[in-house]
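Biologist: Please take me through this chain slowly, and each time you use a word such as "buried" or "contact", show me how the value leads to the word.

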Amino acid sequence: GEIDILARAPDKQTIVIVEVKTREPLPGQPRPERQVDQVKLRKLVVMLDHLSRANAWYDRPRRIDVIGIDWPQGGQPVLRHHQGVYVAPLAKRKTH
């Protein structure tokens, strides 16, 4: 899997994985962010957990956001930012 955007929120503490879905809007077609189903969300959670362990982000807030973009041919894109689609529980630092 891959991460579209890995960012730090404006609070400078929260780690955010952002999944971006873009499509040309067509009648009867769902919004692009609807492509982030439970299977995709679970994959993103696994990636967030892996990054958290690898970078010792035990006590940092972490979340997953989704951005949906409708981009009509020759038109201006319309962006929707869904914050906190998943919010990770704060983990306790492991001691050995």
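Modeller: Let me begin with a word we shall need at once: two residues are in contact when heavy atoms of theirs lie within 4.5 Å. By that rule, and not counting residues up to four places away in sequence, Ser-52 touches Trp-57 and Arg-62. Please keep in mind throughout that this is a predicted model.

Biologist: What is the overall plan of the chain, read along the sequence?

Modeller: The chain has one helix and four strands, and they follow one another in the pattern β-β-α-β-β. The C-alpha atoms fill a box of roughly 55 × 30 × 20 Å along the principal axes, and buried residues make up 33% of the 96 residues.

Biologist: Why is Ser-52 called buried?

Modeller: A residue is called buried when its relative accessible area is under 20%. Ser-52, whose place is in helix 1, has a relative accessibility of 6%, and therefore it counts as buried.

Biologist: Why does Lys-21 count as buried?

Modeller: The reasoning is the same kind of comparison: its relative accessibility is 18%, and because the limit is under 20%, Lys-21 counts as buried. Lys-21 is placed in strand 2, which covers residues 15–23, and if we leave aside neighbours within four places in sequence, its contacts are Pro-32, Glu-33, Gln-35, Val-36, Ile-67, Gly-68 and Ile-69.

Biologist: What makes the approach of the Lys-21 side chain to the side chain of Glu-19 a polar contact?

Modeller: The two side chains come to 3.3 Å of each other, and the cut-off for a polar contact between N or O atoms, one able to donate a hydrogen and the other to accept it, is 3.5 Å. The distance falls within that limit, and the pair is therefore counted as a polar contact.

Biologist: Why is Pro-77 called partly exposed?

Modeller: Its relative accessible area is 37%. Buried requires under 20% and exposed requires over 50%, so Pro-77, which meets neither condition, is called partly exposed. Pro-77 lies in the loop between strand 3 (62–70) and strand 4 (78–88), and, leaving aside neighbours within four places in sequence, it is in contact with Ile-69, Asp-70 and Trp-71.

Biologist: How do you know that the length of helix 1 agrees with what is expected?

Modeller: Helix 1 runs over residues 38–54, which is 17 residues, and at 1.5 Å a residue it should span 24 Å; its end C-alpha atoms are 24 Å apart, so the two values agree. At its N-terminal end the helix is capped by Asp-37, a side-chain oxygen of which lies 3.2 Å from the backbone nitrogen of Val-39. Just after the helix, Ala-56 takes a positive phi of about 55°.

Biologist: How do you know that the buried residues of helix 1 line one face?

Modeller: The buried residues are Leu-41, Leu-44, Val-45, Met-47, Leu-48, Leu-51 and Ser-52. Looking down the helix axis, these residues fall within an arc of 165°, so they line one face of the helix. A general rule helps here: an α-helix has 3.6 residues a turn, so residues three or four places apart point the same way. On the other side of helix 1, Val-39, Lys-43, Arg-53 and Ala-54 are exposed, while the cover over the buried residues includes strand 1 (5–8), strand 2, strand 3 and strand 4.

Biologist: Why is strand 3 described as largely enclosed?

Modeller: Nine of its nine residues are buried, so the rest of the structure largely encloses strand 3. One side carries Arg-62, Ile-64, Val-66, Gly-68 and Asp-70, the other Arg-63, Asp-65, Ile-67 and Ile-69, and all of these are buried, which leaves both faces covered.

Biologist: In which sense, parallel or antiparallel, does strand 3 pair with strand 2, and in which sense with strand 4?

Modeller: With strand 2 the pairing is parallel, over nine bridges, and Arg-23 stands opposite Asp-70 there. The chain reaches strand 3 from strand 2 by way of helix 1, in a β-α-β crossover that is right-handed. With strand 4 the pairing is antiparallel over eight bridges, and Val-66 stands opposite His-82.

Terms used: Residues are numbered from 1 along each chain as its sequence is written. This is a predicted model: local features need pLDDT of at least 70, side-chain atom pairs count only at pLDDT 80 or more; totals for chains, interfaces and linings use all residues. Side-chain values use heavy atoms; hydrogens and water are left out. Helices (H or I, at least four residues) and strands (E, at least two) are DSSP runs, numbered from the N terminus. Buried means under 20% relative accessible area, exposed over 50%, partly exposed in between (1.4 Å probe, protein chains only). The expected span of a helix is 1.5 Å times one less than its number of residues. The arc is that of the directions from the helix axis to the C-beta atoms. Two strands pair if DSSP finds at least two bridges between them. A crossover is right-handed if, with the strands pointing away from the viewer, the path from the first strand over the helix to the second runs clockwise.
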